[in-house]
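Student: I should like to learn how to read a structure of this kind. May we look at it together, feature by feature?

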Amino acid sequence: MIASVLVELNSKQTDKMFYYNVPSILEDKVTVGIRVIVPFGQRKLEGFVLELTNKKLVDCSFELKDILF
């Protein structure tokens, strides 16, 4: 499962959405609207899950990182 997460980037004063894998151990806990912690470069940022989708629907040319929680 893939989550679209709204991450607030303070340095750019803008909000952006990024896609993250939902690890199997978190699939029961991650729902739309929940607050999550995600890796973002060398940092860990807080974000909100806006949408959950199937891997087949998201076309990425790179490997997605996992939600940390």
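Student: What percentage of the 69 residues of the protein chain count as buried?

Tutor: Please keep in mind that this is a predicted model. Burial is judged by relative accessible area, and a residue counts as buried when that value is under 20%. In this protein chain, 33% of the 69 residues count as buried. The chain exposes about 4900 Å², and carbon and sulfur atoms supply 50% of that area.

Student: How many helices and strands does the protein chain have?

Tutor: The protein chain has four strands and zero helices. Following the sequence from its start, one reads the pattern β-β-β-β.

Student: Which strands are joined to β4, and in what sense do they run?

Tutor: Pairing is read from the bridges between two strands. Strand β3, residues 35-40, runs antiparallel to strand β4, residues 43-53, and six bridges join the two. Strand β1, residues 2-9, also pairs with β4 in the antiparallel sense, over six bridges.

Student: Which residues stand opposite one another in these pairings?

Tutor: Between β3 and β4, Phe-40 stands opposite Arg-43, and Pro-39 stands opposite Lys-44. On the side of β1, Ser-4 stands opposite Glu-51 of β4.

Student: How many residues lie between the strands in the hairpin of β3 and β4, and which residue there takes a positive phi?

Tutor: Two residues lie between the strands of this hairpin. Gly-41 takes the positive phi, near 65°.

Student: What share of the contacts with a separation of 6 or more comes from residues 24 or more positions apart?

Tutor: A contact here means heavy atoms within 4.5 Å. Among contacts in the protein chain with a separation of 6 or more, residues 24 or more positions apart account for 54%.

Student: Which residues make the nonpolar surface patch?

Tutor: The patch is made by Met-17, Tyr-19, Phe-48 and Leu-50, and covers about 340 Å². Strands β2, residues 14-21, and β4 each supply at least two of its residues.

Student: Why can Met-17 belong to such a patch?

Tutor: Patches are made of residues with over 30% relative accessible area and no salt bridge. Met-17, which lies in strand β2, is partly exposed, because its relative accessible area is 39%. That value therefore meets the requirement of over 30%.

Technical notes
Residues are numbered from 1 along each chain as its sequence is written. This is a predicted model: local features need pLDDT of at least 70, side-chain atom pairs count only at pLDDT 80 or more; totals for chains, interfaces and linings use all residues. Side-chain values use heavy atoms; hydrogens and water are left out. Patches are made of residues with over 30% relative accessible area and no salt bridge: like charges are joined within 9 Å, nonpolar side chains (Val, Leu, Ile, Met, Phe, Trp, Tyr) within 5 Å. Accessible areas come from the Shrake-Rupley method with a 1.4 Å probe; for residues, only the protein chains shown count as cover. A salt bridge is a side-chain nitrogen of Lys or Arg within 4 Å of a carboxyl oxygen of Asp or Glu. Buried means under 20% relative accessible area, exposed over 50%, partly exposed in between (1.4 Å probe, protein chains only).
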